[in-house]
Amino acid sequence: MSATSTTARELPAPGGHYALGRRAGDFVFTAGQVPRDHNRNVIGDTIEEQTTATLANVQRVLAEFGATLDDVVKSTVHLASLSDAAAFNAVYAQHFKNSKPVRTVTGSQLNGVLVEIDAVAYLGADKV
């Protein structure tokens, strides 16, 4: 099985020893993405704004491998406050209109942001 890693353009460099995304066979895995620009500035103040920015970063990583949000089969979501879950979910649902990936949502201590999302996408033989 071959694997490829990426440091997707327009995203902040990883803060540690990890790739932003990696393909293994027919699957693409993203590292946890947050609402930060390439200069590491936080994008947005509200959970809605930060969710939109975070999903845009997830999309950028997926695009490096020819994948889209429609290819996502699993996501893991970390919220700084679980009281933001309903507002988060409303924005999330707008971005996944064509699919409903399985998902885990958990409360986490995040470093100055409200949300972090990682995803697993399936490309399959027809998307190679």
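Which residues form a nonpolar patch on the surface? In this predicted model, where residues are numbered from 1 along each chain as its sequence is written, local features need pLDDT of at least 70, side-chain atom pairs count only at pLDDT 80 or more, and totals for chains, interfaces and linings use all residues. Side-chain values use heavy atoms, with hydrogens and water left out.

The patch is made by F27, F29, V73 and Y122, which together offer about 330 Å² of accessible area. Areas here come from the Shrake-Rupley method with a 1.4 Å probe, and for residues only the protein chains shown count as cover. To join a patch, a residue needs over 30% relative accessible area and no salt bridge; nonpolar side chains (Val, Leu, Ile, Met, Phe, Trp, Tyr) are joined within 5 Å, like charges within 9 Å. F27 has a relative accessible area of 33% and is partly exposed, and F29, at 37%, also counts as partly exposed. That label covers the range between buried (under 20% relative accessible area) and exposed (over 50%), using a 1.4 Å probe and protein chains only.

Three of these patch names turn up again among the aromatic rings, where ring pairs link F27, F29 and Y122 into a cluster. A pair of aromatic rings is described by the distance of the centres and the angle of the planes. Rings of Phe, Tyr and Trp (its six-membered ring) pair if their centres lie within 6.5 Å; planes under 30 degrees apart are stacked, over 60 edge-to-face, and the rest tilted. By this rule there are four aromatic pairs. One of them joins F27 and F29, whose ring centres are 6.4 Å apart with planes at 40 degrees, so this pair is tilted. The rings of F88 and Y92 also make a tilted pair, because their planes stand at 40 degrees, with the centres 5.3 Å apart. F88 and Y92 are both buried. They sit four residues apart in helix α2 (residues 85–95), about one turn of the helix. Y92 has a charged visitor too: R103 lies over the face of its ring, 4.6 Å from the ring centre. For a charge to count as sitting over a ring, NZ of Lys or CZ of Arg must be within 6 Å of the ring centre and within 35 degrees of the ring normal.

Now for the strands. Helices (H or I, at least four residues) and strands (E, at least two) are DSSP runs, numbered from the N terminus, and two strands pair if DSSP finds at least two bridges between them. Strand β4 (residues 72–79) pairs with strand β6 (residues 115–122) in the antiparallel sense, over seven bridges. Along that pairing, K74 stands opposite V120 in β6, and V77 has I117 of β6 as its bridge partner. β4 is also joined to strand β5 (residues 102–107) by six bridges, and these two run parallel; here T76 stands opposite T104. Strand β3 (residues 27–30) is where F27 is found. Three bridges join β3 to β6, again antiparallel, and V120 in β6 is the bridge partner of F29.

How many salt bridges does the structure hold? There are two, a salt bridge being a side-chain nitrogen of Lys or Arg within 4 Å of a carboxyl oxygen of Asp or Glu. In one of them, the side chains of R60 and E10 meet at 3.1 Å, N to O. This pair links distant parts of the chain, 50 residues apart: R60 belongs to helix α1, while E10 is in the loop between β1 (3–6) and β2 (21–24). R60 is partly exposed at 30%, whereas E10 is exposed at 55%. The other salt bridge brings R23 and D26 together at 3.9 Å, N to O. R23 is buried, with a relative accessible area of 16%, and D26 is partly exposed at 27%.

Two more residues round out the picture. R40, in the loop between β3 and α1 (47–63), has a positive phi of about 70 degrees although it is not a glycine. R40 is partly exposed, with a relative accessible area of 42%, and its C-alpha atom is 13 Å from that of R9, 31 residues away along the chain. Q94 lies in helix α2 and is exposed at 53%. The C-alpha atoms of Q94 and T52 are separated by 9.6 Å, with their positions 42 residues apart along the chain.
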